[in-house]
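Reader: Hey, got a minute to walk through this one with me? I'd like to start with the charged side chains and then move on to the sheet.

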Amino acid sequence: MTTLNHEIYIDAPKSQVWDVMADLGGVVKFHSLVTKSYYVTDEKQGTGAARVCELGPNTSVNETAIAWKEGESITLVHVGVNKPWVRQ
């Protein structure tokens, strides 16, 4: 399994950053490649919350939170990719 880790510095209060990141369905507001995002679970936060990120008319990524440290971090796993050029 391939693991990716990405860290950046954001010049904003930690609580403000958390509010944005914890809104999994709101990724479309700040991620330039996401054209539409929505929840696919009743859970909106916490382990098990899941979303779909559409990256255009024929490409989407399904993600599920597998770890959730309130106010600290979120770990997402890609559980499905709908791309004509990617084998699963």
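Reader: Lysine 14 first: buried or exposed?

Author: Lysine 14 counts as exposed, because its relative accessibility is 52% and the cut-off for exposed is over 50%. Keep in mind that this is a predicted model.

Reader: And which side chain does lysine 14 meet in a salt bridge?

Author: That would be glutamate 72, with 2.6 Å from N to O. Lysine 14 sits in helix H1 and glutamate 72 in the loop between E3 and E4, so the salt bridge ties together parts 58 residues apart in sequence.

Reader: What about glutamate 72, buried or exposed?

Author: Glutamate 72 counts as exposed, at 53% relative accessibility.

Reader: How many salt bridges does the structure hold?

Author: Three. One of them joins the side chains of lysine 29 and aspartate 23, at 3.6 Å from N to O. Lysine 29 is exposed at 68% relative accessibility, while aspartate 23 is partly exposed with a relative accessible area of 27%.

Reader: OK, and which residue forms a salt bridge with arginine 51?

Author: Glutamate 63, and the closest N and O atoms of the two are 2.6 Å apart. Arginine 51 belongs to strand E2 and glutamate 63 to strand E3, so this salt bridge ties together parts that are 12 residues apart in sequence.

Reader: Are those two, arginine 51 and glutamate 63, buried or exposed?

Author: Both are buried. For glutamate 63 the relative accessible area is 9%, and that makes it buried because the cut-off is under 20%.

Reader: Which other side chain has a polar contact with glutamate 63, say at 3.5 Å?

Author: Histidine 78 does, at 3.5 Å. So on glutamate 63 you can look for a polar contact to arginine 51 at 2.6 Å as well as the one to histidine 78.

Reader: Let's switch to the sheet. What's the strand order?

Author: It's an open sheet of four strands, ordered E1-E2-E3-E4, and the pairing is antiparallel. At the edges are E1 (36-39) and E4 (73-82); each has a single partner strand, so one side of each is left without a neighbour in the sheet.

Reader: And how are neighbouring strands turned against each other?

Author: By 25° on average, with direction ignored.

Reader: Over how many bridges do E2 and E3 pair?

Author: Five, in the antiparallel sense, with E2 covering residues 50-54 and E3 covering residues 60-69. One pair to click on is glutamate 54, whose bridge partner in E3 is serine 60.

Reader: What does the turn between E2 and E3 look like, and which residue there has a positive phi?

Author: The two strands form a hairpin with five residues between them, and glycine 56 in the turn has a positive phi of about 140°.

Reader: Where does leucine 55 fall?

Author: Leucine 55 is in the loop between E2 and E3. The residue is partly exposed, at 29% relative accessible area. If you want a long-range reference point, leucine 55 and isoleucine 8 are 47 residues apart in sequence, and their C-alpha atoms are 22 Å apart in space.

Reader: How about E3 and E4, over how many bridges do they pair?

Author: Nine, again in the antiparallel sense. Valine 61, for instance, has valine 81 in E4 as its bridge partner.

Reader: Which residue takes a positive phi in that E3 and E4 hairpin?

Author: Glycine 71, with phi near 75°; this hairpin has three residues between the strands.

Reader: New topic, the surface. Which residues make the nonpolar patch?

Author: Val20, Met21 and Phe30 make a nonpolar surface patch of about 260 Å².

Reader: Where's methionine 21 placed, then?

Author: Methionine 21 is in helix H1, which runs over residues 14-21. With a relative accessible area of 38%, methionine 21 is partly exposed. That satisfies the accessibility cut-off for a patch, because patch residues need over 30%.

Reader: So lysine 14 lies in that helix too, right where we began. What does it tie to again?

Author: Lysine 14 in H1 pairs with glutamate 72 in the loop between E3 and E4.

Terms used:
Residues numbered from 1 in each chain as written. Predicted model: local features only at pLDDT ≥ 70, side-chain atom pairs only at ≥ 80, totals over all residues. Heavy atoms only, no water. Patch = residues over 30% accessible without salt bridge, like charges linked within 9 Å, V, L, I, M, F, W, Y side chains within 5 Å. Areas by Shrake-Rupley, 256 points an atom, 1.4 Å probe, with all protein chains shown as cover. Salt bridge = Lys/Arg side-chain N within 4 Å of Asp/Glu carboxyl O. Buried < 20%, exposed > 50% of the residue type's maximum accessible area, 1.4 Å probe, protein only. Pairing = 2+ DSSP bridges. Axes fitted to C-alpha atoms, helices over the stretch in contact; angles between N-to-C directions. Polar contact = N/O pair within 3.5 Å; in protein donor to acceptor, adjacent residues only side chain to side chain.
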